[in-house]
Protein chains: 4
Amino acid sequence: YYTLNRSELAALLPQRKAEAHKGTQGHLLVVGGSPGMTGAPVLAGLAALRSGAGLVTLGVRDGLTLPEKPMELIVKPWSQLQWDAYDAIVAGPGLSTQPDGQAILATILGLAGPCRLLDADALNLLAPIPRWWEQVKGSLVLTPHPGEMARLCGLTTGEVQANRLGLVKEKSREWGVTLVLKGAATLVGSGEEPIYINTTGNPALATGGTGDVLAGMIGGLLAQGLAPAQAAAVGVYLHGQAGDLAAREIGPAGILAGDLLPRIPRVMEWGQANVDR
Amino acid sequence: YYTLNRSELAALLPQRKAEAHKGTQGHLLVVGGSPGMTGAPVLAGLAALRSGAGLVTLGVRDGLTLPEKPMELIVKPWSQLQWDAYDAIVAGPGLSTQPDGQAILATILGLAGPCRLLDADALNLLAPIPRWWEQVKGSLVLTPHPGEMARLCGLTTGEVQANRLGLVKEKSREWGVTLVLKGAATLVGSGEEPIYINTTGNPALATGGTGDVLAGMIGGLLAQGLAPAQAAAVGVYLHGQAGDLAAREIGPAGILAGDLLPRIPRVMEWGQANVDR
Amino acid sequence: YYTLNRSELAALLPQRKAEAHKGTQGHLLVVGGSPGMTGAPVLAGLAALRSGAGLVTLGVRDGLTLPEKPMELIVKPWSQLQWDAYDAIVAGPGLSTQPDGQAILATILGLAGPCRLLDADALNLLAPIPRWWEQVKGSLVLTPHPGEMARLCGLTTGEVQANRLGLVKEKSREWGVTLVLKGAATLVGSGEEPIYINTTGNPALATGGTGDVLAGMIGGLLAQGLAPAQAAAVGVYLHGQAGDLAAREIGPAGILAGDLLPRIPRVMEWGQANVDR
Amino acid sequence: YYTLNRSELAALLPQRKAEAHKGTQGHLLVVGGSPGMTGAPVLAGLAALRSGAGLVTLGVRDGLTLPEKPMELIVKPWSQLQWDAYDAIVAGPGLSTQPDGQAILATILGLAGPCRLLDADALNLLAPIPRWWEQVKGSLVLTPHPGEMARLCGLTTGEVQANRLGLVKEKSREWGVTLVLKGAATLVGSGEEPIYINTTGNPALATGGTGDVLAGMIGGLLAQGLAPAQAAAVGVYLHGQAGDLAAREIGPAGILAGDLLPRIPRVMEWGQANVDR
C-alpha cells in the first residue's frame with residue numbers, strides 16, 4: 001500500500017494552461033436527486049466546480065425542482081440528456097432507490113466513453129444486479145461506505161470492517177473498478193496497483209452530505225482528465241484536508257457539508273504551490 | 001437548583017470517536033412547517049446539525065415546499081415517514097395549529113423509542129388534550145415560553161411568571177417530562193432532580209426564530225445520546241452563549257435567529273476544549 | 001429645522017429591557033410583493049428585524065411565492081391577515097399598482113390602531129384618491145422620492161425639487177402625516193414640528209432596493225414604539241450611516257441593497273453605545 | 001492596438017454625482033434564462049448592479065421561475081416587457097436556442113434606442129440569419145468566445161484563433177458593431193478605432209458563468225452611459241482584475257463565477273481612486 005504526501009500530491013494535481021477556458025477544464029454530469037433529497041447532487045456539483053471542473057450539469061428526474069440550485073450549475077431532466085457528451089459522470093447523490101433509477105443506471109453502465117463514479121443509492125441499485133461487473137464498459141469508480149460495501153459483497157458491515165484491506169484488493173480486481181472504501185482511513189484500490197491508504201480527515205466529517213462532496217471532488221478531477229485511481233486518491237486526500245481545515249476553523253463538531261466547499265480551492269492551492277519548490 | 005460552569009459543561013458534551021460516521025452521530029427528525037412558516041423547521045434542523053447531529057430529516061405536511069431548504073437537510077412528507085426510525089424527534093417549529101397536526105401529535109406521543117421534544121405549536125396542540133401526560137410513552141421534553149406554559153397549566157402568563165421555579169418543579173414531576181421554561185433565566189426541571197437555572201443569554205435573543213434554534217440544539221444533543229435533562233440544560237446554556245457571541249459581534253439588537261447557527265460549533269468547542277485541561 | 005448628532009440619536013433609540021422577548025419588541029406587517037417583485041418586501045422585512053423588531057410578517061397576494069424568503073420571515077396571504085393584530089404596518093414595497101391593491105390600501109388607511117408607513121407603489125395607489133387624507137385614521141408615515149411626491153402633489157418632479165423644504169412643511173401639515181421626502185438630503189416633516197434634515201448617506205445608495213430597506217427600518221422602529229416623527233428621522237439617519245459604512249467597506253458604487261442589512265445593527269450599536277458616555 | 005493602465009481606466013469609469021439616485025444610474029434589461037439555465041441571467045444582472053447600474057430587470061420566458069432570484073433583481077416575462085424603456089439591454093445568458101428566442105432577438109435587433117449586447121445563445125441564434133447586420137438599428141456589442149465567433153464567421157474555431165486580431169478588425173467594421181472576442185487576451189474592436197488588447201485575467205476564469213458576469217458588467221457600464229467601445233474595454237479589463245483578485249484570494253482553480261461579484265466594486269474603486277492622484 002501507499003500514502004500521499006504533499007510533494008506527491010503536487011505532481012498529481014491538474015495544472016491549468018494559460019489558454020484554459022471552461023471547455024478545456026472538463027464537463028461533469030451529476031446524476032441524482034429525488035423529492036426531498038435535492039441537496040446531495042448540488043453539493044456534488046459545487047464540489048466538482050470547486051475542484052476545477054469547467055462545467056457541471058445536474059441530470060435529474062423530469063419535473064424535479066431544486067430549491068437550492070446555485071447560479072453556477074445547469075440542470076437538465078433525464079429525458080433531455082445526451083449521455084455520452086460529458087467528460088465524466090457521477091451518479092448516485094440523492095438518487096433514491098426508486099425503480100425509475102434502474103434504467104438510468106443501466107444506461108450509465110453501458111457508456112463506453114466517460115469515466116463514471118457510482119455513489120450512494122447508485123450503489124444500492126447496483127448491488128442486486130447479478131454479476132453487474134460483466135455489463136460494465138470503460139472505467140468505473142465506486143465509493144461505498146462500509147454498509148454499502150456490505151451490500152455489494154453480500155457480507156455484514158462487521159465483516160467488511162474486519163477485512164477492509166483484503167476486500168478492497170480482491171473486489172477491485174474482481175470487478176475491474178477503482179474502489180474507494182470510505183471510513184476512518186479510507187482505502188482506494190484499483191486491481192493490480194497497490195492500495196492507497198488515506199491519512200487526512202477527522203471525525204468532524206461525520207455529518208450528512210460529506211460523501212456527496214467527496215463524490216463531486218473525484219468527479220471533478222476525472223472530468224479534468226486524471227486517471228481513475230489517481231483521481232480517487234487525490235480526491236480522498238484533499239477532501240480530508242478540507243475537513244481538517246473546517247474542523248480547525250469551525251470546530252471539532254457541527255460543520256456542515258457545505259462548509260467544505262470554499263476550502264477545496266485552498267487545499268488544492270496548498271498542493272499545487274509545492275510544484276515550484 | 002444548580003447552574004453550569006465551563007468545566008461542568010465539558011463533562012456533559014458529546015465526544016466524537018475517531019471512527020465516527022454520520023450514522024453514529026444520531027438522526028434527528030424535525031416535524032413542523034406550514035404554508036408561510038417554513039423557516040422554523042429549517043432553523044431547527046440546521047441548529048441540530050451545528051450541534052453535531054449526524055443527519056437531520058424535516059418531516060412536513062404533504063405538498064409543502066420549503067424555499068429556504070439548505071443542501072444539508074432532507075425533507076420528507078408525513079405520509080412517507082417511518083416514525084420510529086429516528087434517534088430523536090423535535091415537533092412544533094412552524095407547525096401551526098391546523099387540525100391535521102392533531103393526529104401527527106398523537107402518533108408522536110405514542111412512540112416508545114426516540115426521545116421527543118415538543119415546542120411552539122406542538123405545545124398549543126397538546127394543551128387542550130385532557131390529561132395528555134397519561135398517553136405519553138417514553139421520554140418527553142417540553143420547551144414552552146411563559147405564554148405556552150400558561151396554556152399548558154390553565155393559568156395566566158402573569159401567574160406563570162410569578163411562580164416559575166415552583167411550577168417547573170411541580171409540573172415536570174406531575175407530567176413526567178423534562179420541562180424547559182424559557183425566559184430571562186430559563187429553567188429546566190426533570191421531576192425529582194434539582195432545577196437548572198440558566199445564566200447565559202441576553203436580550204438580543206428577543207427575535208423570531210431563536211426558539212426554533214434552541215429546540216434544534218436540544219434535539220441534536222438528544223440524537224447524539226444525551227439524557228433529556230442534560231440535553232436540555234446543555235442546549236439552553238450553549239444557546240445563550242451563542243446569543244452572547246452574536247450580540248458581541250453583531251450588536252445588542254438586530255441579530256437574526258440564523259446568526260446563531262455558525263456560532264454553535266464555536267461555543268461547543270469552547271466547552272469541549274476544557275476537557276483536556 | 002434640525003439635524004441629529006450621535007448623542008441625540010442615542011437618546012431616541014429603543015433600549016431593550018433585560019426581560020425582553022420577541023413579543024415585547026413589536027410585530028411588523030409588511031404588505032407588498034407582486035410577481036417578479038418579491039425581493040422588495042423581503043428587503044423591508046429583514047431591515048425591520050435588523051433594526052430590532054421582534055417579529056415580521058410579510059402580507060402578500062394570495063398565491064404569490066417568494067423564492068428569496070429567508071428563514072426568519074413569516075409569509076401570509078392577504079385573505080388570512082388579521083389587519084389590526086400588528087404593532088405597525090409598512091405597505092408598498094414591490095406592491096405594483098395592480099387594481100387589487102386598491103382595496104387593500106383602503107383597508108390599511110382605515111385602521112385606527114397601528115401606525116402605517118406607505119412607500120413606493122402604495123403611494124402611487126394613494127395619489128389618485130381624491131382628498132385621501134380625509135379617510136385616514138391614526139398615524140401615517142409617507143416616504144416618497146421626488147417623483148412619487150410629484151404625483152401626490154400634482155406637480156412636476158422639478159417643482160418638487162425646487163421647493164423641498166416648503167412642500168414638506170406644507171403637505172405634512174395639510175395631510176396630517178409624517179412626511180419623508182427622499183433625496184440627497186432627505187427631509188422629514190410632521191405638521192407643526194421643525195423639519196428634520198438628514199446629513200448621512202452617499203451616492204452609493206443610488207441602487208434599487210435601498211428605499212425598501214429604509215421603509216423596513218422605519219417600520220421596525222415604529223413597531224418598537226417610537227413616535228412616527230422620531231422613527232422617521234432616526235431611520236433615515238441610520239440608513240444613511242449604513243450606506244456610508246457600505247461605501248467605505250465595499251466601494252463608492254456597486255453596493256447591493258442587501259449589503260445594508262448586516263450593517264444596520266452595527267450603526268445602531270454605534271448610536272446606543274453613546275448613551276453611557 | 002492599445003491597452004489600458006490604471007490612470008487611463010480611471011478617466012473612463014463613471015463618476016457618481018452627489019444627487020445620484022437609482023434612476024440616474026441607468027436601468028439595464030437582461031434577456032435570457034431557460035429551464036435549468038436560470039443562473040446565467042442572474043449572474044449577469046448581479047454583475048451589472050455590482051458595476052454600478054441603478055436598476056436591473058431580468059426579462060424571461062413567460063412562466064419561467066428562477067430559484068436563485070436575489071432580492072435586488074426584478075423579473076418580468078417577455079410578454080409584459082416594454083422593450084424600449086431601458087437604457088441598455090444584454091441578451092443571451094442562459095437563453096438557449098429554442099425557437100421562441102428568434103422573435104425576441106428580432107425585436108431586440110430592431111430597437112433604435114438602447115445599446116444592446118448579444119452574448120452566448122443570442123449569438124448562436126444570430127449566426128444563421130443571413131446578413132443580420134443589415135437589420136440592426138443603433139449600437140450593438142457582440143461578446144463571442146472563439147467557438148461562437150467561428151459560427152458567426154462561418155469558420156472553424158482554429159481559423160478564428162489563428163487570425164484573432166485580423167478578424168476583430170475586419171468583422172467589427174463589416175458588421176458595424178463593437179466586437180469582443182474572448183480568450184486568453186481578449187480583443188475589443190469597433191470599426192475604425194484601434195483594437196483593444198486586454199492584459200488582465202488568468203486561467204482561474206475558465207469556469208462556467210464567468211462569461212455571463214462579463215456580459216453583465218459591460219451591460220451595467222452601457223446603462224450608465226459609457227460608449228460601447230469604452231464600456232467593452234473597461235468591462236473586460238475590470239472582469240479580468242476581479243478574476244485576478246479571486247485567484248489570489250481563493251486559489252488558481254476552483255473559483256465560482258459568483259465569486260467575482262463582490263470583487264467588482266473593489267476593482268472599480270481601485271480604478272476610480274486614481275482620478276484624484
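The following dialogue concerns the contacts between chains in this predicted model.

Guide: In this predicted model, local features need pLDDT of at least 70 and side-chain atom pairs count only at pLDDT 80 or more, while totals for chains, interfaces and linings use all residues. Residues are numbered from 1 along each chain as its sequence is written, chains are lettered from A in the order in which they are written, and side-chain values use heavy atoms, leaving out hydrogens and water.

Visitor: What makes chain D and chain A a pair in contact?

Guide: Contact means heavy atoms within 4.5 Å. Chain D brings 28 residues to the contact and chain A brings 28 residues, so the pair meets that definition.

Visitor: Why is no contact assigned to chain A and chain C?

Guide: No contact joins chain A and chain C, and their closest C-alpha atoms lie 8 Å apart; the definition therefore is not met, as it asks for heavy atoms within 4.5 Å. Chain B and chain D likewise have no contact, with their closest C-alpha atoms 8 Å apart.

Visitor: What area do chain D and chain A bury between them?

Guide: The value is about 2000 Å², with 61% of it on carbon and sulfur atoms. Buried area is the accessible area (1.4 Å probe) that two parts lose on being put together, summed over both. On the side of chain D, Pro203(D), Ala206(D) and Leu256(D) lose the most area to chain A, together 25% of what that side buries.

Visitor: Why is the pair Glu68(D) and Lys69(A) called a salt bridge?

Guide: A salt bridge requires a side-chain nitrogen of Lys or Arg within 4 Å of a carboxyl oxygen of Asp or Glu. The closest N and O atoms of Glu68(D) and Lys69(A) are 2.5 Å apart, so the pair qualifies. Chain D and chain A have two salt bridges between them.

Visitor: Which residues of chain A and chain B form a salt bridge?

Guide: Asp259(A) and Arg50(B) do, with their closest N and O atoms 2.7 Å apart; this lies within 4 Å, and the pair therefore satisfies the definition. Across this interface there are two salt bridges.

Visitor: What makes the side of chain A that touches chain B divide as it does into nonpolar, polar and charged residues?

Guide: Ala, Val, Leu, Ile, Met, Phe, Trp, Tyr, Cys and Pro count as nonpolar, Asp, Glu, Lys and Arg as charged, and the others, Gly among them, as polar. By that rule, this side of chain A holds 18 nonpolar, eight polar and two charged residues.
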